[in-house]
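User: Please give a close account of one residue and its surroundings, and then describe how one sheet is put together. Kindly state the cut-offs behind each term.

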Amino acid sequence: MLILAADVGTGTQDILLFNSEKEVENSLLMIMPSPTQIIAKKVRKATKKGKTIVFTGNIMGGGPSTFAIRAHLKAGFPVYATKQAALTINDNIEKVKAFGIQIVSEAEAKKLASEKNVQEIVMQDFDPESTSAALSAFEVQMPTNYAVAVQDHGNAPEKSNRVYRFELLRELIEKGGELENFVYRPEEIPEAFTRMKAQADSLLKAVGGRKTREIFMDTGPAAIFGALTDPAAVQPSVVVNIGNGHTLGALVNENRITAVFEHHTSLMNPEKLQDYIIRLANGKLGFEEVFEDGGHGAYRREDPGFEQSGIEKICFEQVRSIIVTGPKRQMLEKLSESEIRAEISNKLHFAAPFGSMMLSGCFGLLAGFLEKYPEPSINLINH
């Protein structure tokens, strides 16, 4: 069985083609610029040429692309966008208009794109056509099984997307925090996950009616469950993914996420991160503290029925491993022995599932795919 897993981040998009008939280590892989970085580059090129831009496509990740769009507007060049594409910039269309972006219909966008000195830029996260073109150069065909992860803040036009995203994560932990709670077939994606739904729609259109199977996840949980495929991930464990954009830490016991924090990597430092790890496990890290510091928040499941679910409360002393992954893991990896807190040092491990640290999210996606479409002969998560 072939499964293509694509983990779409802020800095990179990590793509893995898994073949169940080979060793996992022999899977084909690509670490490429993220879609938002690609869009940002296209915008900057249009700015240099003084072109008008019209955005079409669907909701995708912002960040770098949004900064480039604002710079284009500041330079005095017009920007048009269809409503779906504009939602990439902000959930509130009125705020998008306030930036100076003009909202147009699909027909108007098509007409504009045909005009001289106007560049059309298509908004899209995972692009099957580009991936297919890259693979075909090596005589490799696209599979019919897909697993895709994007970070979804949800649709919250009148609320902080940091607050709303954390509310969504908390709900999934309260449901049990198991892998299955974080994995969706296209028809199962909640309405709140607008970016995920947009990607599902785009992928289904791209495959053109072929019989395929797809699952979708958020990038944070995908990285957490992917890191658990590392043999050193002995539970109870605190798993930390230090990504290019976000740092997410989770307390995991019996393959269930029971506590979590999420912050922006640019606002983290080694001392704060080590403190967060310890206090997350001890239930001492609160939502308001992380949010007021510019992060998304923190949450630990503490409801009365918690023990009845078969999972006992865990404190930091009971944590058996601290598993760190992600492209910015050097935040802890490059520390000297004296800079690492004593209570952490003997538990710390820098994960490289199946020999590839950058693919933690992809391995979580594979595990999620196998959760929805079981193959008894394949087992990725350590038990």
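Analyst: **Residue environment and sheet**

Apart from neighbours within four places in sequence, H263 is in contact (heavy atoms within 4.5 Å) with G245, H246, T247, M268, K272, Y276, V290, D293, G294, G295 and H296. The model is predicted, with local features requiring pLDDT of at least 70 and side-chain atom pairs pLDDT 80 or more, whereas totals for chains, interfaces and linings use all residues. Numbering starts from 1 along each chain as its sequence is written, and side-chain values rest on heavy atoms, without hydrogens or water.

H263 lies in strand β12, residues 256-264; strands (E, at least two residues) and helices (H or I, at least four) are DSSP runs numbered from the N terminus. Its relative accessibility is 0%, so H263 counts as buried (under 20% relative accessible area, with a 1.4 Å probe and protein chains only). The side chains of H263 and D293 form a polar contact of 2.7 Å; the term denotes N or O atoms within 3.5 Å, one able to donate a hydrogen and the other to accept it.

Turning to the sheet, four strands form an open arrangement in the order β6-β5-β4-β7, with parallel pairing (at least two DSSP bridges between two strands). β6 (102-103) and β7 (118-123) are at the edges with a single partner strand each, so one side of each lacks a neighbour in the sheet. Strand β5, residues 79-81, is joined to β6 by two bridges, and A81 of this region stands opposite I103 in β6.

Notes: Buried means under 20% relative accessible area, exposed over 50%, partly exposed in between (1.4 Å probe, protein chains only).
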